[in-house]
Amino acid sequence: MKGNEEYAASMPKTKLWLTSADSMAWLVPIAMTSVSVFTESPSVFISSLLAIFVAICAPTLLLCWILQVISDNWGKRIQGERKRVPPIPREVLETSRCMYTVACIAAWPVSRYRLGHETGMTWRMEDVTSSWLGAGGHLLVGVVFADFWSYWKHRLLHWRPLFAFHKNHHQFRDPTAFAGFALHPVDAVITFAPIWAMCIPSAKQWLPLYLFQVTVLSVLNLYLHCGVTFAWMERLIPMMLLNTSGYHNVHHSKVSANYGEVSFVWDYICGTTEEALVRKRAEILAKQR
């Protein structure tokens with residue numbers, strides 16, 4: 001199985017390609033902000049964008065800090081003792097830029113909602129379902145979709161022509177929680193593109209349930225990147241078919257395995273677990289003898 005450096009070395013390396021990807025890291029957020037001039041009310045769009053950015057970035061960084069303190073004091077290190085100081089300032093920068101990109105996306109449905117247009121956003125449960133059982137089903141469908149989307153967009157971003165936009169995340173081989181959302185803006189756009197669907201009136205989302213789902217999955221993502229494990233978490237989470245820190249950390253250390261972000265289900269279906277890839281490699285070597 002390819003290691004981190006070997007995998008990155010197999011990706012396209014032309015200076016033009018990498019320079020373009022690095023330039024787009026700043027050009028994409030600027031462009032996504034600039035389109036506000038074409039909206040019905042640029043001021044409402046920008047104020048929505050900034051409010052969303054503060055509302056998601058500040059709590060995310062606070063949770064990262066709390067998890068980092070907990071990890072340093074009580075967690076079991078996955079990759080052994082750190083050989084160097086983690087690049088937390090860099091992780092914070094990348095995560096903050098990702099949060100801004102997400103705010104640029106979310107500003108579209110939110111600004112339309114504020115302007116009185118019908119959107120997929122609603123605070124009334126009855127607009128989505130008539131019962132709590134229906135709400136639970138809606139939540140389950142949302143998690144299944146998030147798992148499907150995150151796995152396949154992750155596989156897509158490991159496709160050679162697109163890996164230049166995902167390498168930002170893989171520079172953190174031994175990540176901390178601050179790297180959980182350390183994504184290149186193009187990576188962030190692909191990851192969070194479903195948010196745009198809330199501009200469609202028929203794509204109804206009951207906001208209390210939607211925000212609960214987003215919060216839980218976001219906290220899970222931070223745990224996946226904290227670089228440590230907690231025995232009770234590693235036992236409990238898989239019972240719900242959800243990913244663990246130990247499982248996802250393999251992806252950061254070895255890159256070409258364990259792509260699942262929400263769950264490990266698609267890895268087992270597609271044979272992309274570390275164990276499956278080791279078996280495949282052993283079979284190939286056996287045939288070559």
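**Close-up 1. F264 is a buried ring, with a relative accessible area of 17%.** This is a predicted model, so keep that in mind for every view here. The partner of F264 is Y247, and the two rings make a tilted aromatic pair. Their centres are 6.2 Å apart, with 55 degrees between the planes; that angle counts as tilted because edge-to-face needs over 60. Y247 is buried too, at 14% relative accessibility. Y247 belongs to helix α10 (residues 245-254), while F264 sits in the loop between α10 and α11, so the contact ties together parts 17 residues apart in sequence.

**Close-up 2. F148 and W266 meet edge-to-face.** Across the structure, the count of aromatic pairs is 13. For F148 and W266, the ring centres lie 5.6 Å apart and the planes are at 65 degrees, so this one goes down as edge-to-face. The pair bridges distant parts of the chain: F148 comes from helix α5 (residues 132-157) and W266 from helix α11 (residues 265-270), with the two positions 118 residues apart in sequence. What about solvent: are these rings buried or exposed? F148 is partly exposed at 37% relative accessibility, and W266 is partly exposed as well, with a relative accessible area of 22%. W266 misses the buried class because that label needs a value under 20%.

**Close-up 3. F148 and W266 also belong to a cluster of rings.** Ring pairs join them with Y151, W152 and Y259. Y259 has a charged neighbour as well: the charged end of R155 sits over its ring, 5.3 Å from the centre.

**Close-up 4. R97 lies over the face of W26.** Here is another arginine over a ring, and the distance from the ring centre of W26 is 4.4 Å.

**Close-up 5. One cavity of 30 Å³ or more turns up in a search of the whole structure.** The volume of the largest cavity is about 40 Å³. Which residues line the largest cavity? They are H138, L139, Q205, W206, L209, Y210 and Q213. Elements giving two or more residues to this lining are α5, β3 (205-206) and α8 (207-224). Of these, α8 gives the most, with three residues. As for chemistry, the lining has four nonpolar residues, three polar ones and no charged ones.

How values were computed
Residues numbered from 1 in each chain as written. Predicted model: local features only at pLDDT ≥ 70, side-chain atom pairs only at ≥ 80, totals over all residues. Heavy atoms only, no water. Phe/Tyr/Trp six-rings, centres within 6.5 Å; stacked < 30°, edge-to-face > 60°. Helix = DSSP H or I, 4+ residues; strand = E, 2+ residues; numbered from the N terminus. Buried < 20%, exposed > 50% of the residue type's maximum accessible area, 1.4 Å probe, protein only. Lys NZ or Arg CZ within 6 Å of the ring centre and 35° of its normal. 1 Å grid on protein atoms, 1.4 Å probe; cavity = no way out; pocket = protein on both sides within 12 Å on 5 of 7 lines; lining within 4 Å. Points joined across faces, edges and corners; volume = space filled by probe spheres on them. Nonpolar A, V, L, I, M, F, W, Y, C, P; charged D, E, K, R; others polar.
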